[in-house]
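Please open the structure in your viewer and keep the selection panel within reach. This tour tells you, stop by stop, what to select next and what you will find there.

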2 protein chains.
Amino acid sequence: MGDNVKRLAILGSTGSIGQQTLEVVRSFPHRFQVMGLAAGTNIELLTKQINEFGPKLISIESASGRERLPSSTCELLSLEEMASHPDVDLLVIAVTGKAALAPTLEAIRAKKSIALATKEVLVMAGEIVISEAKRHNAQILPIDSEPSAIWQCLRGEERGVSRLILTASGGPFQHLTSEQLAQVTPQQALNHPTWKMGKKVTIDSATMMNKGFEVIEAHWLFDIPQEKIEVLIHPQSIVHSFVEFVDGSIKAQLSSPDMRLPIQYALFYPERLLSDLPRLDLVKIGALTFEAPDLEKFPCLELALEAGRKGGTYPAVLSAADEVAVELFLEGRIGFLDIAKLVKETLEQHQSTPCHSLEEVLTADAWARERVGIQG
Amino acid sequence: MGDNVKRLAILGSTGSIGQQTLEVVRSFPHRFQVMGLAAGTNIELLTKQINEFGPKLISIESASGRERLPSSTCELLSLEEMASHPDVDLLVIAVTGKAALAPTLEAIRAKKSIALATKEVLVMAGEIVISEAKRHNAQILPIDSEPSAIWQCLRGEERGVSRLILTASGGPFQHLTSEQLAQVTPQQALNHPTWKMGKKVTIDSATMMNKGFEVIEAHWLFDIPQEKIEVLIHPQSIVHSFVEFVDGSIKAQLSSPDMRLPIQYALFYPERLLSDLPRLDLVKIGALTFEAPDLEKFPCLELALEAGRKGGTYPAVLSAADEVAVELFLEGRIGFLDIAKLVKETLEQHQSTPCHSLEEVLTADAWARERVGIQG
């Protein structure tokens, strides 16, 4: 095995990002050894992945799932144990929401390279995660299209940034009225016009909470004040974000909407490798359009921006309340517009505290999860 | 005077690029000492510039003009002498066409930093200029919006380029029929929809010869095979060019169409300085559109691409024939479509030779200038 083979572990291997990460691995079989796979409940797919990639380390959330795994010589670990395992060089973190936080911190302390897909980690605990990453000299490599675009535009441009402009497809409901939004079903909301993603992030895209998370995430990832980060609706999802510099020049990163590109970019950074990902045909696309986001119709974006500005434990409460509300919506127990309503009520009831430890984050998270839906 | 003051000379100070360069100097008065100004025949403006910037070195094309200059302690030099003068660190080359070639080579041999606006230099003699620049370790900094865009997109990305995509506004005549094109007057052709430029380059934009020149220029500047350089019509002139990488990712550089930005970028490279140049408002712009160029309606583009592919002395003949034909058009002696016709006929009559010395370039140039308009 050569020096340029990366020993990879994927937390969330059966999810959308996990599966697409394994597609990238299939395209470059000589550059990776899959050391670890971690999944939640999809034992069938995990079993297939184990048979194909032969990982040494396995993590599985459900106890019953563990029993249904094929008997093998794999070592069964917790997410935290896998994240800090000495045989892992590069860790993809793509489990949903809060579950990603503790493994990310373990990986940082073990000085791993961390390809981070779960934006909630930085929304909940950006200050802690980034200061720990600096302290331990661990590299955080974003694997989502917007932060990857910014990261690419900042290459060779350490100084002189004046503004980040995050693009948003706007999701499937940009042109619905508020009355129509109230009637939206989970199935409609899961039908994203340009991106193939997991359920939680697809709903967050439809409410635009996702874009608010990305603003907070970009603030921490790129050390840019939140007031210098803007959001722009771009329905085609071709320009993945912009960086403006102090001289007035703007750089953009574009591609066909395909998550494998930011995954590949992060896994090989700083190398760019020849891929067979679809090429962009700008003549065929014809027009790239831009409009301002409608904060009244999509209040989740404004809620997120406000929580980010206030800081403290507000973003952790935002993230927790959203996670619960999205679950309630997917279960058909609340309407689409109730997601913003529940998150707003929870934030209004919250007394923020400074947020310098994982315990403080988890306390706020637990408070919010209990509180969602209870009138103050 | 601090270490970060650049001693600047401008060849073509009364032209469009020259004047806009001096606007940049006015915005950063403590960063430049204007050492030299060179002009053609606009003595009135040159006199004003001398009074404002107090250069030590002057060059003026017309003998009668020299006598009309205010008596001063300035030293009168040729373009070549100014280009290689020991008191000049940074040279802006913005004289039109062939006149820029010899001074560029002198500046290279004197190891100056060269901010090059005159694309004909690289069209006529790209191989010679670039190999001399490498040999003498002289830096060539492009100051036109498209090559500057590519240069900015390549920052921090030395490897892995798969394609350059140069944008073209298409000029004022994209949607005219061939019959209408035949009737175009010089005044109509000089009225460019998005850019404020000199006469020669404005006519070259209207015929799209300019974009062909830029393809050849980009090939030499960035060491990219010509077949990997494409042209895309983008009427808004907001995206100044694109670079595609081997992984399928594309970077673009955007700004309001204002030549002071690429000038400032070149003059301060690699620094980006805070400027008061207009900021881009993408919501106000709304849509960026793209279409394929029409090579039949704009044959100059195809003529340039073909001359570039064939190499040898063809590009020098292309440039010379175009310079004469544009002059004839501006004088009202030929029609708009005759520009392409004359250039084509001249190229067809030419016997190319390898092109390794300035003399060979100048011989081909002289041949073409005599030949334009003479049937073979």
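Begin in chain A by selecting Phe242(A) together with Ala252(A), which is its bridge partner in β11(A). Bear in mind, as you look, that this is a predicted model.

**The hairpin and the strand across the chains**

Now widen the selection to the two whole strands, β10 (residues 239-245) and β11(A), which run antiparallel and are joined by five bridges. The two strands form a hairpin with four residues between them, and if you pick out Gly248(A) in the turn you will be looking at a residue with a positive phi of about 100 degrees.

Stay with β11(A), residues 250-254, and ask how many of its five residues are buried. The answer is five of the five, so this strand is largely enclosed by the rest of the structure. To see how the residues are shared out, recall that side chains in a regular strand alternate between the two faces of the sheet. Select Ile250(A), Ala252(A) and Leu254(A) for one side of β11(A), then Lys251(A) and Gln253(A) for the other, and you will have covered both faces with residues that are all buried.

Next, add chain B to the view and select its strand β11 (residues 250-254), which pairs with β11(A) in the antiparallel sense over five bridges. Within this pairing, Leu254(A) stands opposite Ile250(B).

**The seven-stranded sheet of chain A**

Return to chain A and select strands β1 to β7, which form an open sheet of seven strands with parallel pairing, in the order β4-β3-β2-β1-β5-β6-β7. The edge strands here are β4 (75-76) and β7 (139-142), each of which pairs on one side only. At one of these edges, zoom in on strand β3 (residues 57-60) of chain A and β4(A), which pair in the parallel sense over two bridges; Leu57(A) has Glu75(A) as its bridge partner in β4(A).

**The seven-stranded sheet of chain B**

Move over to chain B, where an open sheet of seven strands, again with parallel pairing, follows the order β4-β3-β2-β1-β5-β6-β7. Its edges are taken by β4 (75-76) and β7 (139-142) of chain B, each with a single partner strand, so one side of each is left without a neighbour in the sheet.

Then select strand β3 (residues 57-60) of chain B, in which Leu57(B) and Ser59(B) on one side and Ile58(B) and Ile60(B) on the other are all buried, so that both faces are covered. Strand β2 (residues 32-39) of chain B runs parallel to β3(B) and is joined to it by four bridges, and the bridge partner of Ala39(B) in β3(B) is Ile60(B). Elsewhere in this sheet, select β5 (residues 90-93) and β6 (residues 113-116) of chain B, which pair in the parallel sense over four bridges, with Leu91(B) bridged to Ile114(B) in β6(B).

**Aromatic rings**

For the next stop, show the side chains of the aromatic residues; a search of the whole structure finds 16 aromatic pairs over all chains. Select Phe173(A) and Phe336(A), whose ring centres are 5.3 Å apart and whose planes stand at 85 degrees, so the pair is edge-to-face. Phe173(A) lies in the loop between β8 (161-168) and α8 (178-182) of chain A, while Phe336(A) belongs to helix α16 (residues 336-349) of chain A, so the pair ties together parts that are 163 residues apart in sequence. Phe173(A) and Phe336(A) are both buried.

In chain B, select Phe173(B) and Phe336(B), which form an edge-to-face aromatic pair with 5.3 Å from centre to centre and 85 degrees between the planes; both of these residues are buried. Back in chain A, you can also select Phe28(A), Phe32(A) and Phe268(A), which form one aromatic cluster.

**A charge over a ring, and two helices**

Select Lys310(A), which lies over the face of Tyr314(A) at 4.7 Å from the ring centre, and then Lys310(B), whose charged end sits over the ring of Tyr314(B), 4.7 Å from its centre.

Finish with helices α15 (residues 314-330) and α17 (residues 358-371) of chain B, which pack at an angle of about 40 degrees with their axes 8 Å apart. That angle makes α15(B) oblique to α17(B), and the crossing of the two helices is right-handed.

Note on methods: Residues numbered from 1 in each chain as written. Chains lettered and ligands numbered in written order. Predicted model: local features only at pLDDT ≥ 70, side-chain atom pairs only at ≥ 80, totals over all residues. Heavy atoms only, no water. Pairing = 2+ DSSP bridges. Phe/Tyr/Trp six-rings, centres within 6.5 Å; stacked < 30°, edge-to-face > 60°. Buried < 20%, exposed > 50% of the residue type's maximum accessible area, 1.4 Å probe, protein only. Lys NZ or Arg CZ within 6 Å of the ring centre and 35° of its normal. Axes fitted to C-alpha atoms, helices over the stretch in contact; angles between N-to-C directions. Parallel < 35°, antiparallel > 145°, perpendicular 65-115°, else oblique. Left-handed = near helix turned anticlockwise from the far one by under 90°.
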